[in-house]
Amino acid sequence: MKAAVLRNIGGPLKIEELEVPKLKKGQVLVEVLYSGLCRSNINEIDGRKGAEFIPHLTGHEASAIVMEVGSGVTKVKATDYVVCSWINGSGLTAQPVKYKSAKGMVNAGTCSTFCEYAIVSENKVVSISEEVNTRAAALLGCAVPTGAGVIDHFGIKPGQKLAVFGIGGIGASALMRANALGIHCIAFDVLEWKLQWVSENFKIEAFHFNKFRYRNFFDFAIECSGNKLAMEMTFECLNSNGTAIIAGNLKPGENISIDPFGLVRGKKLLGTWGGECFLDKDIPFYAKEHLEGRFPVEKLITGSYNFNGINNGIRDLKDGNLIRGIIKF
Ligand SMILES: [Zn+2]
């Protein structure tokens, strides 16, 4: 099978032939249909996880068809239509995979999806309705649960004021869920086309970050940009009972600075791991919301690439040209 292998920090990914090994306990072989491009993939490519895993296979959200299951797997069976995600669900936790290439072994995680066929761990797959569009379904693996999950699992409700910093796949998923629930929300970014995209697609005001004038205002603020100033602003813009939720990441060695008196007064600063979602419960829920028209996930996809063009997608994501990009296998 063909796979996009990270051989050097900074990339580009190299399309190579890999051998699919025999399945071990708890592993599931899937044929990948679509895989989403996430900012975390760029962090990996740029060496955030270190160089010790190289050569490495990345990608962590996909729609797929189950081909075969290893021993002990009971949750899915061959021909099931599934979402693959880095977020944990029920089932066995299998060992990370190693694929054989002409140049030696290639490392992968328990859910690495930038490849035609992927071996994923049972606890990283969940079956969904075959009616869900295969492109949209890929985004149920990371962007949607992380973004929408924050709204649902942190108890953000209509009547509360919400700020979302950073309009990418995660930020836009949070906006889409907030919009569906009728939560008053304001979006911030630095790219004009993204601000326009928000006002065209949602009933939500969007402002350039530099024009930000809110202090002591929001009940909740979600940070999805991975930008230091935005992260600090996420805390600063809260009212004295407000909660800041950090979903983005900074570069290694970069820190944020906040006024601790805000904490003394009652502000809360939290982070989120996958929107606190549980794969088996939350992904089918968002799939249902999608099918019933309340969660038009496909709107988040603003760029599509074939597998050979994966590096173009990565470049577009780096350059700020995408909400979410998707790779077709
Ligand atoms: Zn992701």
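**Exercise 1. Which residues of helix H5 are exposed, and which are buried?**

*Solution.* Start with the exposed side: Glu192, Gln196, Ser199 and Glu200 of H5 are exposed, where exposed means that 12 or fewer other C-beta atoms lie within 10 Å of a residue's own, buried means 20 or more, and partly exposed is in between, with C-beta atoms placed from the backbone. Helices (H or I, at least four residues) and strands (E, at least two) are DSSP runs, numbered from the N terminus.

Please keep in mind that this is a predicted model: local features need pLDDT of at least 70, side-chain atom pairs count only at pLDDT 80 or more, and totals for chains, interfaces and linings use all residues. Residues are numbered from 1 along each chain as its sequence is written.

Next, turn to the other side of the helix. In H5 (residues 192-201), Lys194, Leu195, Trp197 and Val198 are buried. These buried residues line one face of the helix because they fall within an arc of 160° when seen down the axis of H5; the arc is that of the directions from the helix axis to the C-beta atoms.

Finally, look at what they pack against: helix H4 (169-181), strand S12 (184-189) and S13. Here, two residues are in contact if their C-beta atoms, placed from the backbone, lie within 7 Å.

**Exercise 2. Where does glutamate 205 lie, and why does it count as partly exposed?**

*Solution.* First find the element: glutamate 205 lies in strand S13 (residues 205-208). Then count: glutamate 205 has 13 C-beta neighbours inside 10 Å, so it is partly exposed. To place it in space, compare it with aspartate 259, which is 54 residues apart from glutamate 205 along the chain, with 27 Å between their C-alpha atoms.

**Exercise 3. Which strands form the closed barrel, and how does S7 pair?**

*Solution.* Begin with the whole: 5 strands make a closed barrel in the order S1-S2-S7-S8-S4, with mixed pairing. Two strands pair if DSSP finds at least two bridges between them.

Now follow S7 (residues 98-101). Strand S2 (residues 14-19) runs antiparallel to S7 and is joined to it by 2 bridges; leucine 18 stands opposite serine 101 there. With strand S8 (residues 104-108), S7 pairs in the antiparallel sense over 4 bridges. Two positions to look up are lysine 98, opposite asparagine 107 in S8, and tyrosine 99, whose bridge partner in S8 is valine 106. S7 and S8 form a hairpin, with 2 residues between them.

**Exercise 4. Why does the largest nonpolar core lie between the two domains?**

*Solution.* Take the domains first: domain 1 covers 2-142 + 297-328 and domain 2 covers 155-271, with bounds from an automatic or database domain assignment. Their centres, taken over C-alpha atoms, are 29 Å apart. In all, 11 residues of domain 1 are in contact with 11 residues of domain 2.

Then the core, a set of buried Ala, Val, Leu, Ile, Met, Phe, Trp, Tyr and Cys residues joined through C-beta atoms within 7 Å. The largest one has 103 residues, of which Val30, Cys84, Val164, Ala174 and Ile222 touch the most other members. Both domain 1 and domain 2 give residues to this core, so it lies between them.

As a last step, visit alanine 174: leaving aside neighbours within four places in sequence, its contacts include Gly147, Val150, Val164 and Cys224.
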